[in-house]
Amino acid sequence: MPTVRVSQTSTPKVPPRVHPLTRFPSAKLFYSRGSDRETCQIWDLGNGQLYKFRPHKRGVYESDIHTLIQRATTIPIPTIYREWVSSDGGGRYVHHMIMQKVRGEPLYQVWTHLNGSEKERLVTQFANYLDQLRRVRSSAIRSFEGGPIYDEHGFLFYQRNAAHGPFSDNQSLFLALTSHLRQNQSPEMRRALNKLRSIMPNSLPSVLTHADLHQGNIMVHNGNIAAIIDWEGAGFFPSWMEFVRYYPASNSRQLEFENAVVRRMDPHPEARRFKMILDALGSSERRTVDWGFRKLGC
């Protein structure tokens with residue numbers, strides 16, 4: 001599928017005349033994370049809408065991402081009514097949104113109460129949505145608007161919450177993935193990097209990826225997925241990343257949903273092996289690094 005081009009959305013990108021917490025003084029805080037410059041909070045305004053603010057990622061407007069998702073997929077997502085960015089004058093930019101409050105509960109709250117057929121329905125729906133995302137492709141690994149991608153959780157890159165790319169070829173991506181390892185100039189590490197490059201899976205074309213699909217971001221209502229939320233980190237990532245990120249670490253009951261979803265995904269065992277070795281080589285524990293060397297035959 002060719003890259004989907006998105007025109008400017010109609011979502012207002014200017015602040016309201018009255019701040020939402022001033023207009024709705026009885027608003028209730030129900031989510032808070034971080035502190036000082038990294039604060040993220042969500043407030044229930046009491047009128048079927050939420051007010052959310054978080055640190056701003058340059059150039060990323062979630063309503064534009066929503067427009068692409070709505071045009072290219074059938075994935076249910078909340079409506080964003082207004083979105084704007086403010087500055088405190090000291091280099092700190094804050095992203096604000098007023099958005100729809102989705103009816104339902106996060107998946108982790110309901111999963112254990114479901115029967116087998118209800119669980120199967122949710123897994124089928126979710127796997128279908130993932131498949132739809134994979135059909136939206138790009139010739140580069142990049143953010144939604146074409147710039148660098150932000151790996152907020154540090155899954156792909158060693159350095160978290162930093163801008164990387166964009167990357168239009170596998171070699172450029174490999175150099176970025178291994179930048180921290182190339183600081184080690186030992187002959188053993190140089191041999192390991194050469195071998196690691198030889199097993200790196202092809203990453204292009206990239207695919208539209210949510211990048212944070214935990215159960216808290218999957219809302220369920222009346223036995224169906226009511227919405228998938230929090231698309232702020234979405235971008236065009238390597239085609240294998242979602243599989244590797246989603247692959248459970250164990251067969252525990254807590255990961256029953258993840259295991260069921262992975263069985264529906266296109267497998268990328270070579271990518272999983274590559275990422276495991278890459279992570280091992282970057283470990284602070286010598287025995288883990290040695291394990292990576294052994295896996296590469298060094």
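In this predicted model, a polar contact of 3.1 Å links the side chain of Arg-54 to that of Glu-232. Arg-54 belongs to strand 3, which covers residues 49-55. Is Arg-54 buried or exposed? Its relative accessible area is 2%, and because buried means under 20%, Arg-54 counts as buried. Glu-232 is one of several residues around it: setting aside neighbours within four places in sequence, Arg-54 is in contact with Thr-39, Cys-40, Glu-62, Tyr-93, Val-94, His-95 and Glu-232.

The contact between Arg-54 and Glu-232 can be placed on a wider map of the chain. The protein chain is divided into domain 1 (20-100) and domain 2 (105-140 + 205-263). The second of these is written as two segments, 105-140 and 205-263. Between the centres of domain 1 and domain 2, taken over C-alpha atoms, there are 22 Å. The contact takes 16 residues from domain 1 and 15 residues from domain 2. About 1,300 Å² of area is buried between domain 1 and domain 2, and carbon and sulfur atoms give 65% of that area.

Two of the residues around Arg-54, Tyr-93 and Val-94, lead to another pair of strands. Strand 4 (residues 80-87) and strand 5 (residues 93-100) run antiparallel and are joined by 7 bridges. Within this pairing, Ser-86 stands opposite Val-94 of strand 5. Strand 4 and strand 5 form a hairpin with 5 residues between the strands, and in this hairpin Gly-89 has a positive phi near 85°.

The next topic is the nonpolar interior. In soluble globular proteins, nonpolar side chains tend to be buried together. Which residues touch the most other members of the largest nonpolar core? They are Phe-126, Leu-196, Trp-231, Tyr-246 and Phe-257, in a core of 64 residues. Helix 4 (residues 116-134) supplies the largest share of this core, with 6 residues. Domain 1 and domain 2 each give this core at least three residues. A second core of 8 residues is separate, and Ala-27, Leu-45, Phe-53 and Ile-98 are among its members.

Leu-196 shows what such a core residue touches. Not counting residues up to four places away in sequence, Leu-196 touches Phe-174, Thr-178, Phe-274, Ile-277, Leu-278, Leu-281 and Leu-296. Arg-191 is located in helix 6, residues 187-199. With a relative accessible area of 44%, Arg-191 is partly exposed. Arg-191 and Leu-122 are 69 residues apart in sequence, and their C-alpha atoms are 45 Å apart in space.

Strands of a sheet pair through backbone hydrogen bonds, either parallel or antiparallel. One open sheet in this model has 4 strands in the order 7-11-14-8, with antiparallel pairing. Why is one side of strand 7 (137-138) and of strand 8 (142-143) left without a neighbour in the sheet? Strand 7 and strand 8 stand at the edges and each has a single partner strand, so one side of each has no neighbour there. Strand 7 runs antiparallel to strand 11 (residues 206-209), and 2 bridges join them. Arg-137 has Val-207 of strand 11 as its bridge partner.

Some backbone details in the loops complete the picture. The peptide bond from Leu-204 to Pro-205 is cis, with omega near 0°, and Pro-205 lies in the loop between helix 6 and strand 11. Another cis peptide bond joins Gly-165 and Pro-166, where omega is about 5°. Pro-166 is in the loop between strand 10 (163-164) and helix 5 (170-177).

Two residues other than glycine have a positive phi. Ala-211 has phi near 80° and lies in the loop between strand 11 and strand 12 (218-221). Asp-230 has phi near 60° and lies in the loop between strand 13 (224-228) and strand 14 (235-237). Ala-211 counts as buried at 13% relative accessibility, whereas Asp-230, at 23%, counts as partly exposed. The 20% limit for buried falls between these values, so Ala-211 is placed in the buried class and Asp-230 in the partly exposed class.

Notes. Residues numbered from 1 in each chain as written. Predicted model: local features only at pLDDT ≥ 70, side-chain atom pairs only at ≥ 80, totals over all residues. Heavy atoms only, no water. Core = buried A, V, L, I, M, F, W, Y, C linked by side-chain atoms within 4.5 Å. Buried < 20%, exposed > 50% of the residue type's maximum accessible area, 1.4 Å probe, protein only. Domains from an automatic or database assignment. Contact = heavy atoms within 4.5 Å. Pairing = 2+ DSSP bridges. Polar contact = N/O pair within 3.5 Å; in protein donor to acceptor, adjacent residues only side chain to side chain. Buried area = accessible area lost by both parts, 1.4 Å probe.
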